[in-house]
Amino acid sequence: MHQQLETLYAEALAELDAITDSQAVRAWEHKYLGQKGAVTLILRGIGQIPKEERAAFGKRANEIKEALAEAHARRETLVQEQELARDLEENAVDVTLPGRATPTGGLHPSTQTLRQLYDIWAEMGFQVYRSRDVETDETNFSLLNIPPHHPARDMWDTFYTTTPGVILRTHTSPGQIHAMRDLGQNGTQPIRVILPGMCYRYEQVTARSEMQFHQLEGLAIGRNIRMSDLKGTISAFARRMYGANAAVRYRASYFPFTEPSMEVDVECFLCGGKGCRVCKYAGWIEIAGAGMVHPVVLQNGGYDPTEWSGFAFGMGPERMTMNKHDINDIRYFWQNDLRFLEQF
Ligand code: DAH
C-alpha cells in the first residue's frame, strides 16, 4: 500500500510536469484529486490499512495530496501564462497600423450641377416644382401648342409606352402646364418656378446624344412680364453661373410653345470668346432655349393671355457639366464607371 502510494505520487508528478495546456491540467486534476481521483480513492480506502499503520499512512497520504494540489496550482498558473504568451504572439495585433479607409460616395456630376442651378435660381426667387417623368402625349405636346401630326413633333423622338397616349417626357416643358394649373389657381396667381428632371428621347446613343438626360426648365408668369425681363433674368443667371463679366447673346429660334423664341449663348468662359476646343472655335456656348410663353400655352395653363404673360427657358445640365469639365462624351454620365465618377 505504501509503495503503491509513492509510485502514484511519482507518476502523478511526472505526468503533471509534461503538461502544456490547461485542458490537460484539468484532466489531470480530475484523474488524481477529483472525487473519484486516484489519491482520493486511496484516502477513502484507509480503513483497509492495518490499524497500527493507519496513522502514518494517513499522514503521508495527506502530505502527498497537499503536495500534488500545490504542484497542480503552480502548473496551472504556468500553463495559463504560457498559453497567454502564445496567444499574444500568434494573434498579434499591430495597433500602429492605419485603419482601413471606408470608401465614401460622392455626388454625381449632374447632381452637382443641378444643385448649383437650384442655388442660383433660389437666390433669384425661383422655387423647384417637380412633375412626373411619365407623361401624357397631350401634356408633352398638344397643350404645348404641338398638335398631333404637327411637323414640330419631329423635334423630339419619343419613347411610347404600351398604354396609348402615355409616353416618357421628351422635355421638361410639360411641367409648365402642370405648374400653371396647379399653382395658378385658375389663372389668378403669378408663378416663378424651375422644373428640373430627367427627359427621354428615342435616339441613337452617341458621344453627343443620350437617350436620357436632365433638363432644367424655368417659368415665370405675371401680369406684365416682357422680353426685357427674360433677358435681364438670363443675364443675371449667367453672371452668377459664369462670373461677373459673363456676356450673353440671343439668337432668334423656333419653339412651338414660345413666341418669340430664342437660343441663349454665353461667351466662352474658357477662351473669353477667342475660340477654343470647348466652344468649338465659335467663342460662344449655347446654354438655353427660351422665349415668351405662347398665348395658346398660357390659355392651356388657365391664364387669360390678354392679361397675363410670361417667359420660359430650358437648359441642359449635362451639357453645362461637359463644358465646365471639358468632357467630350455624354455617354460617361450614365455608365456608372467609377473612374469617371470619382473625378468629381
Ligand atoms: N423644351 C425645349 C427642348 O427640349 C427646350 C426649351 C426651349 C424650353 C424654349 C423652354 C423654352 O421652356 O422656352 O428642346
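Here are three short exercises on this predicted model.

**Exercise 1: a lone acid**

Find where glutamate 210 sits, and work out what surrounds its side chain and which residue of opposite charge is nearest.

*Solution.* Start with the backbone: glutamate 210 falls in the loop that joins β4 (191-200) to β5 (212-222). Next, look at burial: glutamate 210 is buried. Now hunt for a partner. The nearest side chain of opposite charge belongs to arginine 331, 6.7 Å away. A salt bridge needs a nitrogen-to-oxygen distance within 4 Å, so glutamate 210 goes without one. Last, list the contacts beyond four places in sequence: Glu203, Val205, Ile330, Arg331 and Trp334.

**Exercise 2: helix α10**

Which residues of α10 (317-325) are buried, and what do they pack against?

*Solution.* Walk along the helix first: Pro317, Glu318, Met320, Thr321, Met322 and Asn323 are buried. Then check their surroundings: these buried residues pack against α5 (109-123), α8 (227-242) and the strands β5, β8 (284-293) and β9 (309-315). Finally, step past the end of α10, where aspartate 326 has a positive phi, near 55 degrees.

**Exercise 3: two pockets**

Describe the volume and lining of the largest pocket, then do the second largest.

*Solution.* The largest pocket has about 1,200 Å³ and 47 lining residues, with Arg208, Glu286, Ile287, Gly316 and Arg319 nearest its centre. Sort that lining by element: β8 gives the most, eight residues. By class, the split is 21 nonpolar, 14 polar and 12 charged. Over in the second largest pocket, there's about 180 Å³ of space. Its lining includes His108, Leu338 and Phe344, and comes to six nonpolar, four polar and one charged.

Notes
Residues numbered from 1 in each chain as written. Predicted model: local features only at pLDDT ≥ 70, side-chain atom pairs only at ≥ 80, totals over all residues. Heavy atoms only, no water. Helix = DSSP H or I, 4+ residues; strand = E, 2+ residues; numbered from the N terminus. Buried < 20%, exposed > 50% of the residue type's maximum accessible area, 1.4 Å probe, protein only. Lys, Arg positive; Asp, Glu negative; His and termini not counted. Contact = heavy atoms within 4.5 Å. 1 Å grid on protein atoms, 1.4 Å probe; cavity = no way out; pocket = protein on both sides within 12 Å on 5 of 7 lines; lining within 4 Å. Points joined across faces, edges and corners; volume = space filled by probe spheres on them. Nonpolar A, V, L, I, M, F, W, Y, C, P; charged D, E, K, R; others polar.
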